[in-house]
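Open the model in your viewer and set the side chains to sticks. The tour goes from one charged residue to the next.

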Amino acid sequence: GLKAVSFGYRDGLAGTVQAVILVGSMVCVNLEYFFARDWVKKGTSDEGEMFPQLHAHRMFFTFGLRSHYCDLCHENMEPPHYDAFRCKTCDFDLCPSCYRKRDKKSFQSTQLRSDAGGSSSTAHLFL
């Protein structure tokens, strides 16, 4: 069946004060929820990471990229998480193993083969 909650207020001023306190407490609980939610969202937001030697846009760590491949080494994302750094602007993906190489000098001079058989810098291709 249907259950209902009823509140028995006193008559007069005491009942009015009780009703106002109840409504006020419900409003405060809801405000607390929204402020806490926004505070947590702001504290856990991801600003992305820049790789100026490689890509012009911010890249964000993302899970679940099952059908994506790394745009540097052309390897598929690996299970179990299928995680990578991804550009939300232009769909550029960077696998975790290429990400770990980002501080090495060889990373800055990574070459991609072009269609003509020559090679070009990745910075040149994605700026």
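**Charged side chains, stop by stop**

Select D83 in this predicted model. Apart from neighbours within four places in sequence, D83 contacts F61, T62, F63, M77, E78 and P96. The residue sits in the loop that runs between β2 (55-62) and β3 (84-87).

Now add R100 to the selection. R100 is the nearest side chain of opposite charge to D83, at 7.5 Å. D83 is buried and has no salt bridge; the cut-off for such a pair is 4 Å between a side-chain nitrogen and a carboxyl oxygen.

How many salt bridges does the structure hold? There are three, and the next stops visit them.

Select R86 and D91. Their side chains form a salt bridge whose closest N and O atoms are 2.2 Å apart. R86 is partly exposed, with a relative accessible area of 23%, and D91 is also partly exposed, at 40%.

Keep R86 and add D93. A salt bridge joins D93 and R86, with 3.1 Å from N to O. Is D93 buried or exposed? D93 counts as buried, at 3% relative accessibility. Through shared partners, the salt bridges link R86, D91 and D93 into one network.

Finish at R37 and D38. The side chains of R37 and D38 meet in a salt bridge at 3.6 Å, N to O. R37 counts as partly exposed at 36% relative accessibility, and D38 is partly exposed at 40%.

Note on methods:
Residues are numbered from 1 along each chain as its sequence is written. This is a predicted model: local features need pLDDT of at least 70, side-chain atom pairs count only at pLDDT 80 or more; totals for chains, interfaces and linings use all residues. Side-chain values use heavy atoms; hydrogens and water are left out. Helices (H or I, at least four residues) and strands (E, at least two) are DSSP runs, numbered from the N terminus. Buried means under 20% relative accessible area, exposed over 50%, partly exposed in between (1.4 Å probe, protein chains only). Lys and Arg count as positive and Asp and Glu as negative; His and the chain ends are not counted. Contact means heavy atoms within 4.5 Å.
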